[in-house]
Amino acid sequence: MADDGVVGVDLGGTKIAAAFVAADGQRLRASVRHPHGNGGPEAVVAEMVEILRQVSRESGQAIRRVGLGVAAQVDVRTGMVHHAPNLRWRDVPLGAMLSRSMDVPVSVVNDARAATIAEWQFGAGRGVDDLLVVSLGTGVGGSVVLGGSLPEGADGAIGEIGHTILVAGGRKCTCPGRGCLEAYASGWAIAERAREAVASDPAGGRRLVELSGGPDKVSAGPVGVLARLGDPLSSELFRQTLSYLGTGLAGVVNGFNPRRVIVVGGLATGWPEVVGAIQETIRSHCQTPASGATVHAGRLGEDAVLVGAANWARDRAADRAGARY
Ligand SMILES: [Zn+2]
C-alpha cells in the first residue's frame with residue numbers, strides 16, 4: 001500500500017506516542033514512546049515536535065500530515081482543546097500550535113474517539129455498524145458508531161460517557177458535575193476511593209499501603225494486584241468498581257442500542273475481568289433487545305489512539321485538502 005506520510009500521535013496525561021500509520025492501519029517503521037513532563041502547552045508541543053522529527057529521521061520519510069489524539073474535549077473543526085483535565089489545560093489551540101511548528105496540516109481528535117475509529121476500522125469492531133467503544137484508563141471515555149457512521153454531536157463532543165451521572169449529588173468529578181461514572185470507576189477515582197478506604201480502615205488497608213509505598217501513594221494498580229490475591233479491602237474496592245462500571249454502561253447501552261461494546265484502555269488490559277463483568281450487567285440490567293449487545297476487549301492495545309488519529313487525519317484530508325489551522 002502506498003505510504004502517504006501520515007503520522008498518528010497519542011498525547012496522554014503523562015506520555016506521547018507517535019508512528020507512521022498506513023491506510024490499512026498498520027504501523028510503519030519508526031514508532032516512539034516518550035514520557036512528557038507536562039510543562040504547559042508550549043513545552044509539550046516542543047516535545048511532540050522533537051518526537052515527530054525523530055520518527056521522520058529514523059524512517060527517512062517526510063511527514064505530510066499529523067493526526068493527534070488527545071484526552072480532552074476537542075473542537076475537531078478548529079483543533080482547539082477546550083478542556084483536558086489530565087493535562088490541566090483549558091482553551092489551548094493545540095492543532096494550530098503543532099501545525100505551525102511542523103508546517104504540515106494537523107487534525108486533532110478526542111483520544112477515545114480515535115480509539116473508536118481504530119477498533120471499528122481495524123480491530124474488534126470491524127464490520128459492525130453499531131458500536132460502543134469504552135475507554136477505561138486514567139479517565140473514562142468513549143464514543144459510538146451508529147448506522148455505519150461516526151456521529152459528532154452539535155459541537156463534535158459526542159461520547160463523553162464517563163460523565164454520565166450515576167449518583168445524584170455524588171462524588172466530585174473533574175468536570176463541573178458530581179456523581180459521574182468517571183468519579184467512581186476511572187483510574188484517578190479508584191485511587192481516591194482507595195485512599196479514603198485505607199484512611200478509615202488502617203488495619204484493613206495495611207497491605208495496600210505497604211505495596212503502594214505510603215497512604216498518599218495508593219493508586220489503582222496495587223488495588224488490582226491485591227484484589228487478585230484476595231486482600232479483603234482491595235477485593236471490595238474492585239467489586240464496587242465493576243458494579244459502578246456495569247451499572248453506568250448498562251444505561252449507555254440502553255440509550256444507544258449497540259450491537260457490540262468494545263472495552264479499551266489500561267484498566268481493561270490490566271483487569272481482564274472487566275469485560276465479563278460488564279457483559280453480565282448488560283445481560284441482567286438492560287432491556288431487550290439492547291441486552292443482546294456483546295462485550296469484547298479491544299484488539300489494538302496501546303496503539304489504538306495513534307492508529308485511529310492517523311486515519312481520522314487521512315479521512316479529513318479528503319474534504320480539507322491542504323487545509324491548515
Ligand atoms: Zn464528570
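**Close-up views of salt bridges**

**View 1. D4 is partly exposed, with a relative accessible area of 31%.** The model shown here and in the other views is predicted. D4 forms a salt bridge with R314, and the closest N and O atoms of the pair lie 2.8 Å apart. The contact joins distant parts of the chain: D4 sits in the segment before β1 (6–11), R314 in helix α11 (residues 304–319), and 310 residues separate them. R314 is buried, its relative accessible area being 14%.

**View 2. R77 and D75 form a salt bridge.** The closest N and O atoms are 3.3 Å apart. D75 is buried at a relative accessible area of 14%, because buried means under 20%. R77 has a relative accessibility of 44% and therefore counts as partly exposed.

**View 3. R239 and E236 are paired within helix α8 (residues 232–256).** The two residues form a salt bridge in which the closest N and O atoms are 2.8 Å apart. R239 and E236 are 3 residues apart in the helix, so about one helical turn separates them. R239 is partly exposed, with a relative accessible area of 47%. E236 is also partly exposed, at 32% relative accessibility.

**View 4. R171, E192 and E196 are linked by salt bridges.** The three residues R171, E192 and E196 make up a network. In total, the structure holds 11 salt bridges; among them are the R314–D4 pair, the R77–D75 pair and the R239–E236 pair.

How values were computed:
Residues numbered from 1 in each chain as written. Predicted model: local features only at pLDDT ≥ 70, side-chain atom pairs only at ≥ 80, totals over all residues. Heavy atoms only, no water. Salt bridge = Lys/Arg side-chain N within 4 Å of Asp/Glu carboxyl O. Helix = DSSP H or I, 4+ residues; strand = E, 2+ residues; numbered from the N terminus. Buried < 20%, exposed > 50% of the residue type's maximum accessible area, 1.4 Å probe, protein only.
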